[in-house]
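Welcome! Below are a few short exercises, each with a worked solution. Have a look at the chain first, then try each task before reading on.

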Amino acid sequence: MRRLIMPLVLLFLLVGCVHKNLPDSAQYLTPLPKSQVQVDDVKLAYRTFGEGPPLLMIMGFAGTMDLWDAQLIRELGKEHTVIIFDNRGMGGSTNGTEVISIKRMASDCAGLLRELGYVQADMFGWSMGGLIAQEMALNYPEKVRKLILLGASCDAKPVADITRRLLKMDVKELLGHFFPPGWVEKYPDAYEKLPRPANPPDPAIVQAQADAMIVWPGCCSRLSRLQKNTLVISGLDDDILPEKLSVEIAEQIKGSWLVRYKNATHWLMYQDPVGLGLTVNNFLNVRQDLFAN
């Protein structure tokens with residue numbers, strides 16, 4: 001099984017080596033000071049940027065905080081204190097003694113906010129991070145103000161299916177899912193602008209995250225009781241967690257916003273990071289009492 005996840009590890013190494021002189025925006029996050037805080041059985045590495053209400057960013061499968069698009073973080077940081085961090089066992093965070101699960105990582109998020117002194121924060125979850133964010137909102141509702149889900153799913157089966165497929169993809173196939181047809185031809189520097197991780201992920205932790213997603217039971221049946229103002233975002237060309245899954249989430253959460261991007265994939269944040277940041281900021285700035293219940 002360890003052999004199957006090596007393409008994912010190689011992918012992140014490849015992203016970092018596509019071009020030696022990456023644009024400043026692609027290297028923007030790496031120089032930011034990194035700190036660690038003890039949360040239960042782990043030390044979580046994190047960075048903060050900007051000023052304003054706290055916004056916790058939850059990274060997706062096999063990713064570290066370095067993989068957030070720098071322009072997106074910069075845009076969000078104009079109006080918020082953006083908190084990015086490494087999930088347990090990834091990047092600068094330790095693994096700990098607890099088994100990695102979606103609910104365990106949601107508990108880590110709650111603990112991180114607690115240790116940083118935040119009573120409540122907005123949540124932004126991408127891909128696997130969207131699963132974690134949903135569990136966070138369901139299990140620690142007092143910690144969550146508003147919820148943003150990018151390329152997520154509440155349905156367990158498609159999550160398990162795509163995880164098994166990802167583990168078997170080679171690097172070429174994985175890269176083929178990054179951008180929609182014709183995008184690289186139109187923007188030939190697209191791969192060069194991708195952010196790069198400071199360190200490649202540990203294959204054992206990538207496998208543990210995969211196992212966590214495969215056994216995650218889903219949360220669609222529980223979302224109807226979620227009383228959180230929610231923004232659901234998807235790319236119409238997302239072939240990892242297709243757009244219909246985001247529609248399913250929006251249908252379950254009363255008063256939620258649904259934004260669908262044309263000609264965009266699961267990695268749409270690398271296609272229009274500034275526009276995505278503006279969309280999120282607009283949503284977060286709407287008064288809580290103006291949302292439908």
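**Exercise 1. Find which residues His266 touches, leaving out those up to four places away in sequence.**

Solution. Keep in mind that you are looking at a predicted model.

- Step 1: Setting aside residues up to four places away in sequence, the contacts of His266 are Trp126, Ser127, Gly151, Asp238, Ile240 and Leu241.
- Step 2: Now place the residue: His266 sits in the loop between β8 and α11.
- Step 3: Its relative accessibility is 3%. Buried means under 20%, so His266 counts as buried.
- Step 4: For a sense of distance, take Leu236, which is 30 residues from His266 along the chain; their C-alpha atoms are separated by 8.9 Å.

**Exercise 2. Describe the whole protein chain by its helices and strands, its buried share and its contacts.**

Solution.

- Step 1: The protein chain holds 11 helices and eight strands.
- Step 2: It has 293 residues, and 57% of them count as buried.
- Step 3: Take the contacts with a separation of 6 or more: 79% of them join residues 24 or more positions apart.

**Exercise 3. Work out how α5 and α8 are arranged relative to each other.**

Solution. Two packed helices are described by the angle between their axes and the distance between the axes.

- Step 1: Helix α5 covers residues 156-168 and helix α8 covers residues 203-215; their axes are 8 Å apart, at an angle of about 155 degrees.
- Step 2: Angles over 145 degrees count as roughly antiparallel, and α5 and α8 are therefore roughly antiparallel.
- Step 3: The crossing of these two helices is left-handed.
- Step 4: On the α5 side, Val159, Ala160, Thr163, Arg164 and Leu167 take part, and they meet Gln207, Ala210, Met213 and Ile214 of α8.
- Step 5: Sorted by class, this contact of α5 with α8 has six nonpolar, two polar and one charged residues.

**Exercise 4. Do the same for α3 and α4.**

Solution.

- Step 1: The axes of α3 (residues 102-116) and α4 (residues 128-139) come within 8 Å and cross at roughly 70 degrees.
- Step 2: Since 65 to 115 degrees counts as roughly perpendicular, α3 is roughly perpendicular to α4.
- Step 3: α3 passes α4 in a right-handed crossing.
- Step 4: From α3 the contact uses Ile102, Lys103, Met105, Ala106, Cys109, Ala110 and Leu113; from α4 it uses Met128, Leu131, Ile132, Glu135, Met136 and Asn139.
- Step 5: By class, the contact of α3 with α4 has 10 nonpolar, one polar and two charged residues.

**Exercise 5. Asp40 has a positive phi, and so has Ala62. Is Asp40 buried or partly exposed, and is Ala62 buried or exposed?**

Solution.

- Step 1: Phi is near 55 degrees for Asp40, a residue in the loop between β1 and β2.
- Step 2: Asp40 has a relative accessible area of 43%, so it is partly exposed.
- Step 3: Phi is about 65 degrees for Ala62, found in the loop between β3 and α2.
- Step 4: Ala62 has 2% relative accessibility and so counts as buried.

**Exercise 6. Name the buried residues of α11 and say what they pack against.**

Solution.

- Step 1: Helix α11 (residues 273-285) has 13 residues and reaches 18 Å from its first C-alpha to its last.
- Step 2: Its buried residues are Pro273, Gly275, Leu276, Gly277, Val280, Asn281, Phe283 and Leu284.
- Step 3: These buried residues pack against β3, α2, β5, β6, β7 and β8.

Key
Residues are numbered from 1 along each chain as its sequence is written. This is a predicted model: local features need pLDDT of at least 70, side-chain atom pairs count only at pLDDT 80 or more; totals for chains, interfaces and linings use all residues. Side-chain values use heavy atoms; hydrogens and water are left out. Axes are lines fitted to C-alpha atoms, for helices over the stretch in contact, and angles run from 0 to 180 degrees between N-to-C directions. Helices (H or I, at least four residues) and strands (E, at least two) are DSSP runs, numbered from the N terminus. Angles under 35 degrees count as roughly parallel, over 145 as roughly antiparallel, 65 to 115 as roughly perpendicular and the rest as oblique. A crossing is left-handed if the near helix is turned anticlockwise from the far one by less than a right angle, and right-handed if clockwise. Contact means heavy atoms within 4.5 Å. Ala, Val, Leu, Ile, Met, Phe, Trp, Tyr, Cys and Pro count as nonpolar, Asp, Glu, Lys and Arg as charged, and the others, Gly among them, as polar. Buried means under 20% relative accessible area, exposed over 50%, partly exposed in between (1.4 Å probe, protein chains only). The expected span of a helix is 1.5 Å times one less than its number of residues.
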